[in-house]
Amino acid sequence: MTDNVPVEYALAAVMLMVAIGLGLLTLALGRVFGPARRPQQKNPPPEHGGRTGHKTWVQFRLRYAVLALLFVSFDMEMVFMFPWAVVFKRDGLIAFFDMFVFVAILAAAIFFAWKEGAFDWEY
Amino acid sequence: MLEFLNTPIVAGVIKSAIVIFALLTAFAYMTLIERRVVAKLQGRLGPNRAGPAGMFQPVADAIKMIFKEQIVPTQAKKAIYMVAPIISLVVALSAFAVVPIGNSWVDGKTSVWDPVIGDVNIGILWILSISSLAVYGIVLGGWASGNRYSLLGSLRSAAQMVSYETGLGLALSGTLMFAGTLSMVGIVNAQRHMGIWFVAAQPLGFFLYLIAGIAEVNRAPFDLPEAEQELTAGYLTEYSGLRWSVYQMAEYINMITVSSIAATFFFGGWSFFGLERIPGLSIVIFLVKVAVFLFLFIWLRATLPRIRYDRLMRFGWQLLLPLAVVNAVISATVVALNWPWWISGLAGLAIIVAVLFYERRKINEGQKEVTVKEVGGSKTMAIPTSVRLAKFEKVNVE
């Protein structure tokens with residue numbers, strides 16, 4: 001580990017670059033070695049017994065819209081909790097109880113959503 | 001003359017090339033090992049023809065994949081369809097950048113050639129944020145395929161990853177309180193410093209993490225996005241050839257990453273009772289620990305049936321998440337009041353036992369009788385009490 005923080009981020013980003021390079025390489029490999037010409041009748045998707053022309057992108061009922069909203073709040077909560085988890089020992093009991101208030105509000109939210117049936121399958 | 005090798009960036013490029021090569025090899029042999037192990041567990045032989053004990057099977061598979069036809073369906077959104085697998089792969093690979101694979105070559109002294117690519121000081125946040133991008137690869141791929149199976153599979157995957165990510169993150173937060181750092185290297189060093197593996201202080205956190213991790217990488221018994229019986233192959237349905245194998249690669253590499261995090265957070269990473277001081281041995285120790293977890297993944301796949309979709313969501317939100325919150329509260333109390341670590345260990349074990357008893361009681365539930373109207377009269381049948389029958393509205397067919 002070097003002490004220079006930006007360098008560490010740059011190193012992690014290097015991995016990202018190499019990975020992108022590898023991804024492009026696989027695309028290129030497939031293009032070079034794969035069969036170039038293909039019969040058109042293979043193109044439609046294999047469903048409905050070969051009938052084509054139906055719409056895929058139709059409106060339908062997504063059964064977890066409320067869960068998606070809850071997820072956003074919990075993910076934010078996680079982002080707050082991680083830095084707190086690292087430093088709260090140093091900051092003493094005040095920080096500890098501060099987080100308790102936060103977690104209590106959160107727990108109340110979970111149980112409210114639970115009561116309202118957000119976690120149950122929508123029939 | 002070779003001075004330039006000690007610049008961090010050059011070392012980083014070489015190290016990441018080595019790690020990516022190692023990961024791809026690991027992926028190739030994981031496919032073989034998985035097929036062999038599942039075959040053994042099911043009393044079959046598995047692939048054993050190509051080379052000794054099937055050693056060259058991955059090579060044959062790779063060559064076959066390269067020469068295969070790559071179909072782009074007419075209904076697909078072409079650009080997104082092509083890019084989506086690559087998003088998956090890039091995300092899976094770059095999450096691995098902060099995982100410490102071994103001890104520094106001289107114990108206690110750091111150098112640019114240590115076996116970790118970038119020791120970012122927010123290591124675990126890097127992994128969580130990068131790996132939550134993985135859902136883009138799957139959702140975009142499924143959406144762009146122009147196939148309803150794909151679309152449904154990818155949306156299921158999105159719901160599942162969203163539901164289990166919160167539990168996963170919260171399960172890890174207990175360990176972070178004990179370690180007092182977000183850096184992966186720092187977490188391993190904290191365990192060496194305390195002289196314990198964090199699984200002893202965090203048994204509940206470990207089990208929660210393991211379950212959520214399996215769900216996060218879409219492995220059995222949580223492999224609903226690819227449920228063959230319902231969705232053909234989920235988001236993979238339209239993919240063929242090398243692009244299909246890129247998706248597979250991403251899945252297996254994610255598995256390796258989850259195993260590495262489990263080993264690093266709960267089992268001391270590359271440390272093993274002082275043996276890690278011998279240069280090079282720490283890497284072997286780490287690999288063995290990861291291999292144990294990978295075997296566990298395969299074993300679970302061979303043993304457990306797939307969980308039903310509504311139960312999957314309910315399990316994630318109603319059991320995993322509250323337990324993770326409880327675990328975080330217990331750990332915070334123990335750390336803040338300077339109690340010894342075994343108190344949180346005992347409390348965690350007690351909660352695990354209590355939950356198992358509770359769930360056991362629910363399995364032995366009674367049956368209820370329902371009357372179902374059918375064409376030509378109604379019928380009474382006995383079903384478990386937890387099952388709720390769907391009610392359908394009458395549709396007037398013209």
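1. Let's start with B:K289, which sits in helix α12 of chain B, the stretch covering residues 281-303. Keep in mind while reading that this is a predicted model. Is B:K289 buried or exposed? Its relative accessible area is 10%, and because buried means under 20%, B:K289 counts as buried. Its side chain has a partner as well: one of its polar atoms lies 2.6 Å from the backbone oxygen of B:F267.

2. Next, have a look at α6 of chain B, which runs over residues 148-179. The helix has 32 residues, and the distance from its first C-alpha to its last is 46 Å. That is close to the span expected at 1.5 Å a residue, which is also 46 Å. Where does α6(B) bend? Go to B:E165, where you'll find a bend of about 25°.

3. Staying with the same helix, α6(B) is mostly covered, with 28 of its 32 residues buried. If you follow the chain just past the end of α6(B), you meet B:G180, which has a positive phi of about 70°.

4. Now for a loop. B:Q75 belongs to the one between α2 and α3 of chain B, where α3 spans 78-95. B:Q75 is buried, since its relative accessibility is 19% and the cut-off for buried is under 20%. What separates the C-alpha atoms of B:Q75 and B:N147? A gap of 7.9 Å, although the two residues are 72 residues apart along the chain.

5. On the surface, look for a nonpolar patch of about 680 Å² that takes in residues from both chains. Chain A gives A:V32 and A:F33, while B:M55, B:F56, B:V59, B:I63 and B:F67 come from chain B. Which helices each supply at least two residues of the patch? They are α1 of chain A, residues 5-33, and α2 of chain B, residues 57-66.

6. One member of that patch to click on is B:V59, which lies in helix α2 of chain B. Its relative accessibility is 42%, so B:V59 counts as partly exposed: that label covers values between the 20% limit for buried and the 50% limit for exposed.

7. Finally, a quick word on chain A as a whole. It has three helices and zero strands, so the pattern along the sequence reads α-α-α. Of the 123 residues in chain A, 31% are buried.

Methods
Residues are numbered from 1 along each chain as its sequence is written. Chains are lettered from A and ligands numbered from 1 in the order in which they are written. This is a predicted model: local features need pLDDT of at least 70, side-chain atom pairs count only at pLDDT 80 or more; totals for chains, interfaces and linings use all residues. Side-chain values use heavy atoms; hydrogens and water are left out. Patches are made of residues with over 30% relative accessible area and no salt bridge: like charges are joined within 9 Å, nonpolar side chains (Val, Leu, Ile, Met, Phe, Trp, Tyr) within 5 Å. Accessible areas come from the Shrake-Rupley method with a 1.4 Å probe; for residues, only the protein chains shown count as cover. A salt bridge is a side-chain nitrogen of Lys or Arg within 4 Å of a carboxyl oxygen of Asp or Glu. Helices (H or I, at least four residues) and strands (E, at least two) are DSSP runs, numbered from the N terminus. Buried means under 20% relative accessible area, exposed over 50%, partly exposed in between (1.4 Å probe, protein chains only). The expected span of a helix is 1.5 Å times one less than its number of residues. The bend at a residue is the angle between axes fitted to the seven residues ending there and the seven starting there. A polar contact is a pair of N or O atoms within 3.5 Å; within protein, one must be able to donate a hydrogen and the other to accept it, and residues adjacent in sequence count only if both atoms are side-chain atoms.
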